[in-house]
Amino acid sequence: MLLISPTLVRDALHRTRAMQWTSRRGRRVLNVQMGAALLSGLLLALLNCAVYLGPFLSTGAMKFWNCPMVSVWRESYPWFDWTYGQYLLALLGLTVVLSLAACGFTVVLSQFSGSYVAMLLKAIPLIVVLCWGLVPWVMMGAGRFSNDPVRLAGLPGAEFVCGVLAALAALGLCGWTCLRQRRQELMG
């Protein structure tokens, strides 16, 4: 989030939005900037996963790729007949979806910030909500009946639905921001 934060603040600092609006591409520049920021966030998330998975998989964890995940404890029983490899891929997918949500929210905050300090101050509540709220709540015990979203909704897969809804909310905010800028008056 901190690497994506200054993306659109630079334009406000250097007062380039007015020049962008009068260019040939016009106000669609923000669409490209947000798309590039979201793509950068996804690539950064995949890089982080690769950096984490490299040492993890070098320990020999791939030996268990096709082993079924079973548990003797009722609370931690998986809601799907996962193999260890499928479970790792599902967690990786959930991590990428939640990273996309964090990136989208960050880019929207970046658009409405006039300075780097303002952006960082706006990002603090977002970091608290995502890093100590939503992400641990969704990820803790994902894929098992002991997961809080699954227990709350009573439906297996609720944690993945929560992750997708967060990403859709972030992408919706990005789209709303782009539409809002198209309708905004050009200020000198």
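Partly exposed denotes a relative accessible area between the buried limit of under 20% and the exposed limit of over 50%. The views below show a predicted model.

**View 1. Trp176 and Phe112 form a tilted aromatic pair.** Trp176 has a relative accessible area of 46%, so this residue is partly exposed. Phe112 is also partly exposed, at 33%. The ring centres lie 6.4 Å apart. The planes meet at 40°. Phe112 sits in the loop between α4 (84-111) and α5, and Trp176 belongs to helix α7 (residues 158-183). The pair therefore ties together parts that are 64 residues apart in sequence.

**View 2. Trp82 and Tyr87 pair edge-to-face.** A search of the whole structure finds 3 aromatic pairs. In the pair of Trp82 and Tyr87, the ring centres are 5.9 Å apart. The planes stand at 70°, so the pair counts as edge-to-face. Trp82 and Tyr87 are both buried.

**View 3. Helix α5 contributes a set of buried side chains.** The helix covers residues 116-139. Met119, Ala123, Leu126, Ile127, Leu130 and Val138 are buried in α5. At Leu130, the helix bends by about 35°. Leu130 is thus named twice here: as a buried residue and as the site of the bend. Just after α5 comes Gly141. Gly141 takes a positive phi of about 80°.

**View 4. Val117, Leu121, Ile124, Val128 and Trp132 make a nonpolar surface patch.** The patch measures about 560 Å². Leu121, one of its members, is found in helix α5. How exposed is Leu121, by relative accessible area? The value is 56%, so Leu121 is exposed.

**View 5. The whole chain, for context, holds 7 helices and 0 strands.** From the N terminus on, the elements run α-α-α-α-α-α-α. The chain has 188 residues, and 36% of them are buried. Contacts between residues at least 6 apart in sequence were also examined. Of these, 68% join residues at least 24 apart. The chain exposes about 11,200 Å². Carbon and sulfur atoms supply 70% of that area.

Technical notes:
Residues are numbered from 1 along each chain as its sequence is written. Side-chain values use heavy atoms; hydrogens and water are left out. Patches are made of residues with over 30% relative accessible area and no salt bridge: like charges are joined within 9 Å, nonpolar side chains (Val, Leu, Ile, Met, Phe, Trp, Tyr) within 5 Å. Accessible areas come from the Shrake-Rupley method with a 1.4 Å probe; for residues, only the protein chains shown count as cover. A salt bridge is a side-chain nitrogen of Lys or Arg within 4 Å of a carboxyl oxygen of Asp or Glu. Helices (H or I, at least four residues) and strands (E, at least two) are DSSP runs, numbered from the N terminus. Buried means under 20% relative accessible area, exposed over 50%, partly exposed in between (1.4 Å probe, protein chains only). Rings of Phe, Tyr and Trp (its six-membered ring) pair if their centres lie within 6.5 Å; planes under 30 degrees apart count as stacked, over 60 as edge-to-face and the rest as tilted. The bend at a residue is the angle between axes fitted to the seven residues ending there and the seven starting there. Contact means heavy atoms within 4.5 Å.
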